[in-house]
Amino acid sequence: MAISTQVVIIGGGPAGLLLSQILQLNNIDSIVLERQSRAHVLSRIRAGMLEWGSVEVLRAAQVSERMDREGAVHEGSGIAWAGRSRLLINTQKYAGRSMMMYGQTQLTEDLYAARDDLGGEIINQVDDVRLHDLKGERPYVTYIKDEQEQRIDCDYIAGCDGFHGVSRTAIPESVLTTFEKKYPFAWLAVMSETPPLPVPTYCHHERGFALVSKRTPMLSRYYIQVPIETDIDDWSDDRFWAELTARLPKDYAETIVTGPTIEKSLAPLSSFVAEPMSYGRLFLAGDAAHILPPTGAKGLNLAISDVHYLSNGLIDHYQNNNDQQLDNYSTTALKRVWNAARFSWWLTGLLHKFPDQTRFDQRAQEVELDYVTQSIHAMRSMCEQYAGMPLE
Ligand code: FAS
């Protein structure tokens, strides 16, 4: 039994849900196919920092009411190093754009609620999604739901199914080029129901990188760099708090409120970009096409900017019969992706301790941080990229 729609969206994470929301606001039908249950998707704890361009896309998509009420607008993040110096990546002052602290978990809840309000179609717990006839005029998707094979005919397919999804693998290897860099360390992340420090701050330390961040006024998010082969069971709460505070400047270490962790996870760091981000009637958006180390807080923001470009292209197709934006989607999206990938790679290299690092490397990192503090040109460049390049 085949049904049809205009756009099939594979993946019900932030990219897929936002795309379906924007399309429906522009009278374009879509169906979202999501492998997991809604509860599973909403249990994920990930990003927390939104660029102002992302805030504006979310406002236009009518999913920002709680973000504007509960999110925290702030001027940027701090960097501390050598236990003393400190700088503020003041995106408001040097790039004219603030940042918004708002958790990806909350944003995904808001997206699901908005889809429910508009009666958006999201089919959870589907299996064996397959893409067919991508080079034809009428591609289609098959999947298994409740042990029944289903088929959806459509005009376009949006692959929003993350790094481990099926969409990217539907592009022939002869067409796809991938670029990958794996870092020799991971981030050990915890969440605690404790009041966070006022400013999200990256800490460069000879013991390794640390990041103090927040999600809400009573939800703190902390990260420390650990070796890639780390076993999370070796990290009790006490050991985590002792290592985190050893890497913070003294005044931070003395004011941090510790407590039982409510979540603990390991995230190996890697950079990955796939080109092109489109093939025939398939368009990739978000982690399906790229993965960046969370250092630059870019992953979620790139998923939003991909969706911004892709939805503009689809709207132009259906409303103006103009395919120029769709034809240029991959080029346009990749320009912003590579900008963010380079910045994330640079900031990761600047702030982390590499296994083969020498004292010279450590000192060179500290001097570069001193330089960024003293040079308005270097500071402007860092802030412009941290704030996110303006959406074209
Ligand atoms: P997602 O992976 O979120 O969603 C893809 C969806 O597709 C999932 O729900 C999945 O279940 C579904 N799916 C997969 N295969 C499927 C199939 N075959 N059929 C149907 N559905 C399928 N980014 C930042 O900007 N700042 C941060 O601080 C930050 N921190 C992070 C910390 C961690 C631990 C992790 C893992 C990521 C972090 N990120 C951060 C990046 C992260 O937030 C992603 O960029 C974001 O989730 C991308 O959203 P999507 O592209 O929608 O992909």
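**A first walk through the model**

Let's start with one residue: Ser64 is buried, because its relative accessible area is 9%, and buried here means under 20%. Where does Ser64 sit? You'll find Ser64 in the loop between α3, residues 52-60, and α4, residues 65-70. Leaving aside residues up to four places away in sequence, Ser64 touches Leu58 and Arg59. Before I go on, please keep in mind that this is a predicted model.

Now let's step back to the whole protein. There are 13 helices and 21 strands in its secondary structure. The radius of gyration is 21 Å, close to the 21 Å that the globule rule gives for 392 residues, so the protein is as compact as a globular protein of that length. Along the principal axes, the C-alpha atoms fill a box of roughly 65 × 40 × 40 Å.

How much of the protein is buried? Of the 392 residues, 57% count as buried. On the outside, the protein exposes about 17000 Å², and carbon and sulfur atoms supply 49% of that area. If you take contacts between residues at least 6 apart in sequence, 71% of them join residues at least 24 apart. As for charge, the protein has 37 positive and 50 negative charges, and their mean positions are 6 Å apart.

Let's turn to some strands, beginning with β14, residues 177-192. Which strands pair with β14? One of them is β18, residues 261-275, which runs antiparallel to β14 and is joined to it by 13 bridges. If you'd like a spot to look at, Phe179 stands opposite Val273 in β18. Another partner is β17, residues 219-227, which pairs with β14 in the antiparallel sense over eight bridges. There, Val190 stands opposite Tyr222 in β17.

From β17 we can move on to β16, residues 210-216. These two strands, β16 and β17, form a hairpin with two residues between them. Their pairing is antiparallel, over six bridges, and Leu211 stands opposite Tyr223 in β17. Is β16 mostly covered or mostly open? Mostly covered: six of the seven residues of β16 are buried.

Strand β16 also pairs with β15, residues 201-204, in an antiparallel arrangement with three bridges. Here Cys203 stands opposite Ala210 in β16. The hairpin of β15 and β16 has five residues between the strands, and in it Gly208 takes a positive phi near 135 degrees.

Next, please look back toward the start of the chain, at β2, residues 7-10. Val7 and Ile9 point one way from β2, Val8 and Ile10 point the other way, and all are buried. Which way does β3 run relative to β2, parallel or antiparallel? The two run parallel: β3, residues 30-33, is joined to β2 by four bridges. Within that pairing, Ile31 in β3 is the bridge partner of Val8.

Finally, a helix: α13, residues 376-386. Which residues of α13 are buried? They are Ala378, Met379, Met382, Cys383, Gln385 and Tyr386. It helps to recall that an α-helix has 3.6 residues a turn, so residues three or four places apart point the same way. Just after α13, Gly388 takes a positive phi of about 95 degrees.

That's the tour, and thanks for listening!

Terms used
Residues numbered from 1 in each chain as written. Predicted model: local features only at pLDDT ≥ 70, side-chain atom pairs only at ≥ 80, totals over all residues. Heavy atoms only, no water. Rg over C-alpha atoms; globule rule 2.2 N^0.38 Å. Buried < 20%, exposed > 50% of the residue type's maximum accessible area, 1.4 Å probe, protein only. Contact = heavy atoms within 4.5 Å. Areas by Shrake-Rupley, 256 points an atom, 1.4 Å probe, with all protein chains shown as cover. Lys, Arg positive; Asp, Glu negative; His and termini not counted. Charge placed at Lys NZ, Arg CZ, Asp CG, Glu CD. Pairing = 2+ DSSP bridges.
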